[in-house]
Amino acid sequence: MDDVATATATPTQEASRETDTAPLFRPYRLGPFNLPHRVVMAPLTRSRARQPGNVPGVLAACYYAQRASAALIVSEATQVSMQGQGYAWTPGIHSREQVEAWQRITDAVHQAAGLMFCQLWHVGRISHPALQPDNMLPVAPSAIIPAGKAFIENERGEGTLVPFIRPRALEIEEMPYVLAQYVRAAKNAVAADFDGVEIHAANGYLIDQFVESGTNRRADAYGGSVENRSRLLFEIVEALMRVWGPDRIGVRISPMGKLNDIHDDNAQATFGYVAERLSEYKLAYLHMVNPALEQMQNGTEPDPDALDMAKLVRNRFSGTLIVAGGFDAESGAQWLREGWADLIAYGRKYLANPDLPERLRQGAALNADDPSTYYGGGEKGYTDYPSLAQDRGEQPKTCVDQSWR
């Protein structure tokens with residue numbers, strides 16, 4: 001169990017802890033929104049979309065409503081098209097059925113006084129023909145096969161891992177089509193009554209594949225210089241601004257990240273440029289995956305280069321900066337206190353703790369998460385984690401399938 005503090009702290013210890021973590025619970029103005037505190041729910045893939053059609057499931061409304069006390073919920077990564085899918089059972093926002101399902105979810109979140117952005121996702125090469133329309137090849141900036149395996153559904157309906165295959169490099173004539181996928185998804189997010197959108201440009205997926213030099217070997221207007229490699233990102237931002245306005249758009253990046261076999265030959269130059277350019281758009285926020293994520297998760301001292309990268313992005317981006325990855329209450333408050341972030345996003349802690357802000361505020365013990373239930377399945381490990389109020393018998397037990405059909 002990952003305890004934030006013991007439940008038997010003395011009054012002096014509790015007062016000291018409140019002082020230590022106070023920055024997490026100060027109000028914040030995010031674009032048009034007044035946030036009551038600074039604890040954000042990070043996007044978390046749960047692979048529970050209904051089949052056929054990758055439609056968000058009935059339990060998702062319960063799951064997100066349970067977590068509506070977050071200052072902001074960023075939805076699980078949601079594919080902008082069939083081409084954008086990279087994992088079995090992940091939801092999209094490109095069909096009428098998907099939009100209707102998402103609207104039920106946002107309605108539940110809003111009824112619980114929550115705020116929710118939709119994370120728009122195209123995985124690029126991190127896919128497999130089994131997940132693509134007509135078994136086509138996944139697309140990428142360049143035809144470079146990634147290391148690792150894809151998560152697909154086998155002929156028995158089970159999730160299984162298979163090796164990635166070599167993707168097809170996008171032709172320059174196809175780039176407007178890719179852009180159009182994001183525009184359609186952004187418009188669908190309006191129809192589904194989200195409060196804004198987050199452009200997923202992190203973790204080795206399509207936009208990140210264009211931005212980082214290790215996956216982009218193009219010699220046209222979308223390759224070579226950092227200005228060209230980041231062209232798609234800025235085209236998407238500008239197109240979505242005409243749908244949402246800048247103050248309801250966020251962008252997620254992962255400088256120095258290694259997920260999905262990604263790397264850049266000069267990450268400081270690349271992400272310094274990206275952060276500075278994004279700053280010009282006056283967006284709702286920039287959401288950075290903590291470059292020191294691995295060290296902080298392991299409880300070791302953050303790497304100086306990782307901290308330098310975090311500070312570089314902070315200095316180059318003048319707007320609201322959300323940082324996610326490896327934080328507990330004290331370290332999150334410290335980053336806020338030092339000015340390295342404006343909001344702190346928590347991921348895995350939100351899996352098992354629907355009332356995470358209250359638990360962090362009180363210094364209460366955290367529910368232990370069950371990794372075997374992260375992906376796929378029903379309410380077990382999804383909507384059955386209790387809140388503090390439920391543990392005290394002050395609220396009814398958590399949602400089950402029968403309540404949300």
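This briefing walks through a covered helix, two helix pairs, a hairpin and a few unusual backbone spots. Please keep in mind that the model is predicted. A good place to start is helix α2 (residues 59-66), where eight of the eight residues are buried. Helices α8 and α10 then offer a second packing to look at, with axes that come within 8 Å.

**Helix α2 and its surroundings**

- Helix α2 is mostly covered, and its buried residues are L59, A60, A61, C62, Y63, Y64, A65 and Q66.
- The cover over these buried residues includes three strands, β3 (39-41), β4 (72-74) and β6 (116-121).
- Helices take part as well, and the cover includes α3 (96-111) and α12 (348-352).

**How α2 packs on α3**

- Two packed helices are described by the angle between their axes and the distance between the axes.
- For α2 and α3, the angle is about 30° and the axes are 8 Å apart.
- Angles under 35 degrees count as roughly parallel, so α2 is roughly parallel to α3.
- The crossing of α2 and α3 is right-handed.
- On the α2 side, the contact is made by A60, A61, Y64 and A65.
- On the α3 side, W102, R104, I105, A108 and V109 make the contact.
- By residue type, the contact of α2 with α3 has eight nonpolar residues, no polar ones and one charged.
- If the spacing of the contact residues catches your eye, recall that an α-helix has 3.6 residues a turn, so residues three or four places apart point the same way.

**How α8 packs on α10**

- Helix α8 covers residues 267-279 and helix α10 covers residues 304-316.
- Their axes come within 8 Å and cross at roughly 25°, and α8 and α10 are therefore roughly parallel to each other.
- As you follow α8 past α10, the crossing is right-handed.
- From α8, the residues in the contact are A267, Q268, F271, G272, Y273, A275, E276 and S279.
- They meet D305, D308, M309, L312, V313 and R316 of α10.
- The residues of this contact of α8 with α10 divide into seven nonpolar, three polar and four charged.

**The hairpin of β8 and β9**

- Strands β8 (residues 149-153) and β9 (residues 159-163) run antiparallel and are joined by five bridges.
- To find your way along the pair, look for A150, which stands opposite V162 in β9.
- Five residues lie between the two strands of this hairpin, and G157 there has a positive phi near 80°.

**Backbone spots to look at**

- As background, most residues other than glycine have a negative phi, and most peptide bonds are trans.
- The peptide bond between Q51 and P52 is cis, with omega about -5°.
- You will find P52 in the loop between β3 and α2.
- W89 is not a glycine, yet its phi is positive at about 70°.
- W89 sits in the loop between β5 (78-79) and α3, and W89 is buried, with a relative accessible area of 18%.
- M256 also is a residue other than glycine with a positive phi, here near 70°.
- The loop between β12 (249-253) and α8 holds M256, and M256 is partly exposed, with a relative accessible area of 34%.

Conventions. Residues are numbered from 1 along each chain as its sequence is written. This is a predicted model: local features need pLDDT of at least 70, side-chain atom pairs count only at pLDDT 80 or more; totals for chains, interfaces and linings use all residues. Side-chain values use heavy atoms; hydrogens and water are left out. Buried means under 20% relative accessible area, exposed over 50%, partly exposed in between (1.4 Å probe, protein chains only). Helices (H or I, at least four residues) and strands (E, at least two) are DSSP runs, numbered from the N terminus. Contact means heavy atoms within 4.5 Å. Axes are lines fitted to C-alpha atoms, for helices over the stretch in contact, and angles run from 0 to 180 degrees between N-to-C directions. Angles under 35 degrees count as roughly parallel, over 145 as roughly antiparallel, 65 to 115 as roughly perpendicular and the rest as oblique. A crossing is left-handed if the near helix is turned anticlockwise from the far one by less than a right angle, and right-handed if clockwise. Ala, Val, Leu, Ile, Met, Phe, Trp, Tyr, Cys and Pro count as nonpolar, Asp, Glu, Lys and Arg as charged, and the others, Gly among them, as polar. Two strands pair if DSSP finds at least two bridges between them.
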